[in-house]
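Got the model open in your viewer? Keep the selection box handy and follow along, stop by stop.

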Amino acid sequence: MGTLGVDFGERRIGLAISDDDGRVAVPLGTLRRTSDRSAIAELVAILRREGAQALVVGEPVNLDGTRGPAAERARSFAARLARASGLPCALINESLTTVAAAERLRAAGVDLRRQPELLDAVAAQILLQEALDQTAR
């Protein structure tokens, strides 16, 4: 069974899913976040639908390694999601995943002004792939 990657944001939450072997992450989509409660309910439904057995949530650690308010916010959300889903949840440093996602999408000719939700889904893919690669090592 797969792992769900979550790129938490206050307005949008990017999602990616791994294959059953846990080797490859692919973008899954984006949720519009109006509240934590509704986002968690939607995510639990997605976890069940996809048959995911674990979660990886991006933690925006500062470039100097410190954790600021955004990282604490992501940690809190991840803890609530883990409790609601009953699944194990790992945090992974997501520094620069959005930058990397933007570079990939621009190189592919995607206009991010017209499709900003793709940015979040690809950022989730990048952070999930990083977690899968770390596990494989």
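Start with helix 3 and select E103, R106 and A107: these three are exposed, meaning over 50% relative accessible area, where buried is under 20% and partly exposed is in between (1.4 Å probe, protein chains only). Helices here are DSSP runs of H or I with at least four residues, strands are runs of E with at least two, and both are numbered from the N terminus. Before going on, note that this is a predicted model: local features need pLDDT of at least 70, side-chain atom pairs count only at pLDDT 80 or more, and totals for chains, interfaces and linings use all residues. Residues are numbered from 1 along each chain as its sequence is written, and side-chain values use heavy atoms, with hydrogens and water left out.

Now turn to the other side of helix 3, residues 97–107, and pick T97, A101, A102 and L105, which are buried. Why do they sit on the same side of helix 3? Because they cover an arc of only 135° around the axis, taken from the directions that run from the helix axis to the C-beta atoms. An α-helix has 3.6 residues a turn, so residues three or four places apart point the same way.

Next, add helix 4 (116–136), since the buried residues of helix 3 pack against it. Zoom in on T97, buried at 7% relative accessibility. Leaving out residues up to four places away in sequence, T97 touches A123, I126 and L127; contact means heavy atoms within 4.5 Å. For a ruler check, the C-alpha atoms of T97 and L55 are 17 Å apart, with their positions 42 residues apart along the chain.

Staying in helix 4, click L118. Buried, exposed or partly exposed? L118 counts as partly exposed, at 30% relative accessibility. Apart from neighbours within four places in sequence, L118 is in contact with L105 and V110. P27 is 91 residues from L118 in sequence, yet the two are 8.4 Å apart, C-alpha to C-alpha. While you're around here, have a look at G109, just after helix 3, with a positive phi of about 85°.

Time for the largest nonpolar core. Such a core is a set of buried Ala, Val, Leu, Ile, Met, Phe, Trp, Tyr and Cys residues joined through side-chain atoms within 4.5 Å. Of its 20 residues, select L4, V6, I13, L15, F77 and L81, which touch the most other members. Two or more residues each come from strand 1 (3–7), strand 2 (12–18), helix 1 (36–50), strand 4 (54–59) and helix 2 (69–85). Helix 1 gives the most, six residues.

Pick F77 and show what surrounds it: beyond neighbours within four places in sequence, F77 is in contact with F8, I13, D36, A39, I40 and L43. Then hop to D36 in helix 1. D36 is buried, at 11% relative accessible area, and touches F8, R73, F77 and R80, not counting residues up to four places away in sequence.

Last stop: select D7, F8, G9, E10 and R12, which of the 14 lining residues lie nearest the centre of the largest pocket. Helix 2 supplies the largest share of that lining, three residues. How does the lining of the largest pocket divide into nonpolar, polar and charged residues? The split is four nonpolar, three polar and seven charged.

Notes
1 Å grid on protein atoms, 1.4 Å probe; cavity = no way out; pocket = protein on both sides within 12 Å on 5 of 7 lines; lining within 4 Å. Nonpolar A, V, L, I, M, F, W, Y, C, P; charged D, E, K, R; others polar.
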